[in-house]
Amino acid sequence: MLIAALPMYDWSENRAETDARWRFLRTQLQEKGIDAPEHLTRRNADMPPVPGGIRNHRGDLIAPDPANLPPDELNLDVLWRHPDLLLAETCWGPLRHGLRQDVSLIGQSSYDGWEGGQGPYYSSALIARSSFGKSVAAPSNGDAIFDRNILREKRLAYNDLHSLSGFLALAEDLRALGEENIFSQYVSTGAHRESIRAVAAGKADVAAIDCRSWGLAQKYETAAQGLHVIGWTKRRHGIALIGSVHLNDDTISCVAEIVGRQ
């Protein structure tokens, strides 16, 4: 049984839109003879068991059996490496840190229509409380724009150390300026939405939030109302679309063609 997931922007308030997107994709996939699942995977319990755990082509264990994980949580490291994965979204941060060798790269999401995005590329908005710094619009050329001195000795909230949008992009832009470790504290939150809440609550001073997540936050997250954008990271490749390494070339090409129409 093949599985699919679109977890990167699957906020509870936005779930109907995510499901509608999947129904659209599923219909086209089925028309091409691909047995796409009816429902998206949102829990470990939705993934077929893999007795003995997930192994790579060398036989090395790379992820546990999802049947042994908390059923109502979703372990992305397991989802991304599942041998029955037809389609899922992932960040380029994990792809850079070892995931690329365990998956088939299918395509890219589009960020047209979101401030800070253009086609397959996105920027991260550097958000802070409205009393801190001045508002900055996303530059049309996609260059990084922020005042490093405003960031110095501030507390950074981040979702994950392997997140391109939430941590790596800002770190790379700072290194390009000859700066490292300019923050006084790093506050791990586990999710962009939690980073927004941490800044709003005064637990951190600034966070890097990818432009689409920031757009969703402005629409759905109450904590975002007291925040504004004080800078932007350089535009980089946004969320990637991946599938299992076990997919054949014809299936990968077909899925890539269909998702490329979005």
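This report covers a five-stranded sheet, a helix lying across strands, and the nonpolar cores of a predicted model.

## The sheet

Five strands make up an open sheet. Their order is 10-9-11-8-12, and the pairing is mixed. Strand 10 (185-188) and strand 12 (227-232) form the edges. Each of these two pairs on one side only. From one strand to the next, the twist averages 35°.

Strands of a sheet pair through backbone hydrogen bonds, either parallel or antiparallel. Strand 8 (residues 124-129) and strand 12 run antiparallel, joined by five bridges. Within this pair, Leu126 stands opposite Gly231 of strand 12.

## The helix across the strands

Helix 6 spans residues 192-200. It lies across strand 8, strand 9 (155-158), strand 11 (206-210) and strand 12. Relative to strand 11, helix 6 runs at about 150°.

## The nonpolar cores

The largest nonpolar core holds 62 residues. Four of them touch the most other members: Ile127, Leu151, Ile196 and Trp214. Helix 5 (residues 164-176) supplies the largest share of this core, with six residues.

Trp214 has contacts well along the chain. Leaving aside neighbours within four places in sequence, Trp214 is in contact with Ala125, Ile127, Ile196, Ile209, Ala224, Leu227 and Val229. Two of these partners, Ile127 and Ile196, are themselves among the residues that touch the most other core members.

Another core lies apart from the largest one. This core has 18 residues, including Leu247, Cys254, Val255 and Ile258.

Definitions and conventions: Residues are numbered from 1 along each chain as its sequence is written. This is a predicted model: local features need pLDDT of at least 70, side-chain atom pairs count only at pLDDT 80 or more; totals for chains, interfaces and linings use all residues. Side-chain values use heavy atoms; hydrogens and water are left out. A nonpolar core is a set of buried Ala, Val, Leu, Ile, Met, Phe, Trp, Tyr and Cys residues joined through side-chain atoms within 4.5 Å. Buried means under 20% relative accessible area, exposed over 50%, partly exposed in between (1.4 Å probe, protein chains only). Helices (H or I, at least four residues) and strands (E, at least two) are DSSP runs, numbered from the N terminus. Contact means heavy atoms within 4.5 Å. Two strands pair if DSSP finds at least two bridges between them. Axes are lines fitted to C-alpha atoms, for helices over the stretch in contact, and angles run from 0 to 180 degrees between N-to-C directions.
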